[in-house]
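Trainee: I should like to go through this structure with you, beginning with the nonpolar interior.

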Amino acid sequence: MAALSDLLGDLVENVDGLFLFSPSSSFYERFVEADPDVPVVVVAPENVVDAETYVQLPLEFDNVRDRIRFGVEGAMEHGLVEDGDAVACSVSVFDGDIDSVIRVRVSEGMRSGIFDLFANSRADPSVIRDVFEVAIELGKKGQKGKPVGALFVVGDAGKVMNKSRPLSYNPFEKSHVHVGDPIVNVMLKEFSRLDGAFVISDSGKIVSAYRYLEPSAEGVDIPKGLGARHMSGAAITRDTNATSIVLSESDGLVRAFKGGKMILEIDPEGH
Ligand SMILES: Nc1ncnc2c1ncn2[C@@H]1O[C@H](COP(=O)(O)OP(=O)(O)OP(=O)(O)O)[C@@H](O)[C@H]1O
Ligand SMILES: [Mn+2]
C-alpha cells in the first residue's frame, strides 16, 4: 500500500494550513496541536470544538467546491492564509464522517465572492442567510407541490424601490415584519405565487412584495438561457448595492447575484 500512502503524502506535503470542515471534537483534538507549523482552521456552521481560528459557514453548502471556496475565501479575509499558500482541506463529500482530503492552492484569482456575498453585502449576513433559507425551502417544497419561482432583492431598499414600480397593492405596506420570523416565512411563500419581486431592507424588514424591477441591464453578464426574472434580479444589483436571491420556477435552482454577476448557484435538493 506504499503507493496509496504516497498519494496522500503528496496531497498534504508542505501545506501552510489544514482546514477541517465540521470536525468532531475528537477529530479536531488530534490535529490542533500535532504540528505547530501547520495552523488548523475550522470551518463549520457552529464552533462546537472551540477552535481559535474559525470560519462560520452560513449554510451547509452540499456542493463541496462551494463549501471549500467559502472556507478559503473567509480565511483569506481574516488573514489566516494568503495568495500562494497551499492548504489541505479535510471534508465530508458524502453524508457523515470526513472522507476526503483536498489540496487547494490559495490565489486571489480563485475568489468567487461567495464569502463576500454573506459577510460583506449591504444587508446583514443573517438577513442574507435567512433569505437563502426561505428560497431553498420554497425550492424544496414548492407551492402545494408545484414548482414555484421567487425573486428576493435584499439590501439598499430605498434605491431598489426607486428603480421599481408596484404590480399590485403591497401587503407589507403597514407591517413591520422581518425575514426569519416563522410567520413571515409562511407569508413569503404564500405571496411567491404572484408576480414580481420582494424588496427587503438591510436589517431584514420586508418592504414590499409585487415589485416590478426596472433596472438598466447594461453591462450585466449572466449565463445564457436565464429569463427576465434572473436578468432583472441581476441587473438591480449593478444599479444598486442590493443582493438578489432568485429561485427559478423552471429549473428549481437558487442563484445569488451581486454587482451584476452571478456569485452562487445552489440546488435545494442537494444534487
Ligand atoms: N422585471 C421584473 N421584475 C420583477 N419580476 C419579474 C420581472 N421580470 C419577470 N419577473 C417575474 O418572473 C416571472 C418569470 O419570468 P421569466 O420566465 O421570464 O423569468 P425566468 O428568469 O425564466 O425565471 P424562471 O426560471 O422562474 O422561469 C414573471 O412571471 C414575473 O413574476
Ligand atoms: Mn422562465
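Trainee: With which residues is Leu264 in contact, leaving aside its neighbours within four places in sequence?

Mentor: This is a predicted model, in which local features need pLDDT of at least 70, side-chain atom pairs count only at pLDDT 80 or more, and totals for chains, interfaces and linings use all residues. Residues are numbered from 1 along each chain as its sequence is written, chains are lettered from A and ligands numbered from 1 in the order in which they are written, and side-chain values use heavy atoms, without hydrogens and water. Contact means heavy atoms within 4.5 Å. For Leu264 the partners are Phe61, Asp66, Ile114, Leu117, Phe118, Phe132, Val254, Arg255 and Ala256.

Trainee: Which helix gives the most to the largest nonpolar core?

Mentor: A nonpolar core is a set of buried (under 20% relative accessible area, 1.4 Å probe, protein chains only) Ala, Val, Leu, Ile, Met, Phe, Trp, Tyr and Cys residues joined through side-chain atoms within 4.5 Å. The largest has 56 residues, and Phe19, Phe132, Phe152, Ile245 and Leu264 have the most contacts inside it. With 8 residues, the main contributor is helix α5 (residues 125-141; a DSSP run of H or I, at least four residues).

Trainee: What is the distance from Glu73 to the nearest side chain of opposite charge?

Mentor: Glu73 lies in helix α3 (residues 64-77). Glu73 is buried but has no salt bridge, which would need a side-chain nitrogen of Lys or Arg within 4 Å of a carboxyl oxygen of Asp or Glu. The nearest such side chain, Arg69, is away by 4.7 Å.

Note on methods. Helices (H or I, at least four residues) and strands (E, at least two) are DSSP runs, numbered from the N terminus. Buried means under 20% relative accessible area, exposed over 50%, partly exposed in between (1.4 Å probe, protein chains only). Lys and Arg count as positive and Asp and Glu as negative; His and the chain ends are not counted.
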